[in-house]
Amino acid sequence: MKTYWELIISFFKTGLFTFGGGLAMLPIIKAEVVDRRKWITEDELFDFYAISQCTPGIIIVNTATFCGYRLKGFWGGVVATLAVITPSILIITLIAAVLSRFMDNPYLESAFSGIRLGVCALLLNLIFDLGKKIYTQSSQKKLHIGIFLGACFMLLVFKASAVAVVFTAALAGFLPYLRKFRKRSHK
Amino acid sequence: MIYLTLFYEFAKIGLFAIGGGLVTIPFLFDLSEKFNWFTPEQLTNMIAISESTPGAVGVNMATFAGFQAASVIGGIIATIGLVVPSIFIIVLISKFLQQYACDTRVQTVLSSIRPAVLALIIFATAQIMTLSIQNALDFALFAILAVAIRFYQKNPIFYILLSAAMGVILKL
């Protein structure tokens, strides 16, 4: 019972303090689920963020289902998902019902422009940590730097979609096997 | 009956929108043409409000659209419809991952998508930054927050609240 309750609180918080899309969720969900509760590892979170981008559905919802399932099976997934969408339902219903004009309030607007800057700063911090971690843990540094540069190239030059980038990276991971296979067949 | 239609339409969006919240926008425009729940202009306002309120954009827009179509219950049903396909798909993938976590091919795939995900996060962050940082004051606020976060690693919720307060104090 305790775990269900903790799941509800953690994902309600994540839903409440995420502004914008799935990416803005990452610093919050990492602090809550990885650093504080230690339910999943950082690697699992980012693997799952990648998988979520290539599967149907909203990224934050997919990640919540994943964490909940890891802890408590199917019903854990359902509970975490419902908890992460509850703040949205409450706040948007309120706004849609009475407050649509309230959104033009200058105080609220400047608060939101401040929050956007805060989200940028949080993401920058996450990028530093994540880059360092991926580099130190990588067992094939040359290959992985190549994949990183290739992904940047795809995004910059071809404006490739996230799905295309992730699939290409997954295939590129098998390049060393190809070389081994060739060497073997030459002998 | 409208509840069933709402559930069905939003479950379809949940099933076919690959890549997160913003991908649902074209589907919502289709809905505004197919039903008279909301106009495209209303949808544009809904997108703006959904992006600046707490919660994932995709989830917020579903609640909003459902509310426009059939009030409070409509909002709840549309949102649940949106997430039901995710729950089943993700549970299946999690089962697969647990079973094959030690498989070297799965390991290879996961370790080689990590650098690509880093690139994706960097590019998306750069996009958000160009939209959010519009003048010198913005940049100064951003720089102060970035340095503070780097050296005093606190809970991100603290920084979200701090940046909201800084926005109100410095921008009015």
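This is a short group-meeting talk about a predicted model with chains A and B.

Okay, hi everyone. Before I start, please keep in mind that what you see on the screen is a predicted model. I'll take the chains one at a time, then look at a few residues.

Let's begin with chain A. Its secondary structure comes to eight helices and one strand. If you walk along from the N terminus, the elements go α-β-α-α-α-α-α-α-α. So how spread out is chain A? Its radius of gyration is 20 Å, while the globule rule gives 16 Å for 187 residues, so chain A is more spread out than a compact globule. You can also picture a box: along the principal axes, the C-alpha atoms of chain A fill roughly 75 × 45 × 30 Å.

What about the inside and the outside? Of the 187 residues in chain A, 55% count as buried. The accessible surface of this chain is about 9,000 Å², and carbon and sulfur atoms own 67% of that. Now the contacts: take the ones in chain A between residues at least 6 apart in sequence, and 55% of those join residues at least 24 apart. As for charge, chain A carries 21 positive and 10 negative side chains, and the centres of those two sets sit 13 Å apart.

On to chain B. Here we get seven helices and one strand, and reading along the sequence the pattern is α-α-α-β-α-α-α-α. Chain B has a radius of gyration of 20 Å, well over the 16 Å from the globule rule for 172 residues, so this chain too is more spread out than a compact globule. The box around its C-alpha atoms is roughly 55 × 55 × 25 Å along the principal axes.

Same tour as before: 49% of the 172 residues of chain B count as buried. Chain B exposes about 8,200 Å², with 70% supplied by carbon and sulfur atoms. Among its contacts with a separation of 6 or more, 47% come from residues 24 or more positions apart. And chain B has 8 positive and 7 negative charges, whose mean positions are 16 Å apart.

Right, now some individual residues. I'll start with two lysines in loops of chain A. Lys38(A) is in the loop between α2 (22-36) and α3 (42-54). Its phi is near 55°, which is a positive value in a residue other than glycine. Is Lys38(A) buried or exposed? It's exposed, with a relative accessible area of 64%.

The other one is Lys159(A), in the loop between α6 (141-157) and α7 (162-172) of chain A. Lys159(A) isn't a glycine either, yet its phi is positive, at about 45°. With 67% relative accessibility, Lys159(A) counts as exposed.

Next, cysteines. How many disulfides does a search of the whole structure find? Zero, over all chains. Take Cys120(A): the closest cysteine sulfur belongs to Cys152(A), and it is 18 Å away, so that's too far for a bond, given that a disulfide needs the sulfurs within 2.5 Å. Cys120(A) is also buried, at 0% relative accessibility. Cys67(A) is another buried one, again with a relative accessible area of 0%.

Hang on to Cys120(A), as it turns up again with a residue from the other chain. That residue is Phe142(B), which lies in helix α6 (residues 136-151) of chain B. Which residues does Phe142(B) contact, leaving aside its neighbours within four places in sequence? From chain A there are Leu117(A), Cys120(A), Ala121(A) and Leu124(A), and from chain B there are Met129(B) and Ile133(B). Phe142(B) counts as buried, at 5% relative accessibility.

My last residue is Pro115(B). Where is it? It's in helix α5 (residues 104-132) of chain B. Not counting residues up to four places away in sequence, Pro115(B) touches Ile134(A), His144(A), Ile147(A) and Phe148(A). Pro115(B) is buried too, with a relative accessible area of 3%. For a sense of distance, the C-alpha atoms of Pro115(B) and Ile77(B) are separated by 38 Å, and those residues are 38 positions apart along the chain.

So, if you want something to look for on the screen, find Phe142(B) beside Cys120(A), which it contacts, and then Pro115(B), which touches Phe148(A) among others. That's it from me, thanks!

How values were computed:
Residues are numbered from 1 along each chain as its sequence is written. Chains are lettered from A and ligands numbered from 1 in the order in which they are written. This is a predicted model: local features need pLDDT of at least 70, side-chain atom pairs count only at pLDDT 80 or more; totals for chains, interfaces and linings use all residues. Side-chain values use heavy atoms; hydrogens and water are left out. Helices (H or I, at least four residues) and strands (E, at least two) are DSSP runs, numbered from the N terminus. The radius of gyration is taken over C-alpha atoms; the globule rule is 2.2 Å times the number of residues to the power 0.38. Buried means under 20% relative accessible area, exposed over 50%, partly exposed in between (1.4 Å probe, protein chains only). Contact means heavy atoms within 4.5 Å. Accessible areas come from the Shrake-Rupley method with a 1.4 Å probe; for residues, only the protein chains shown count as cover. Lys and Arg count as positive and Asp and Glu as negative; His and the chain ends are not counted. The place of a charge is taken as NZ of Lys, CZ of Arg, CG of Asp or CD of Glu.
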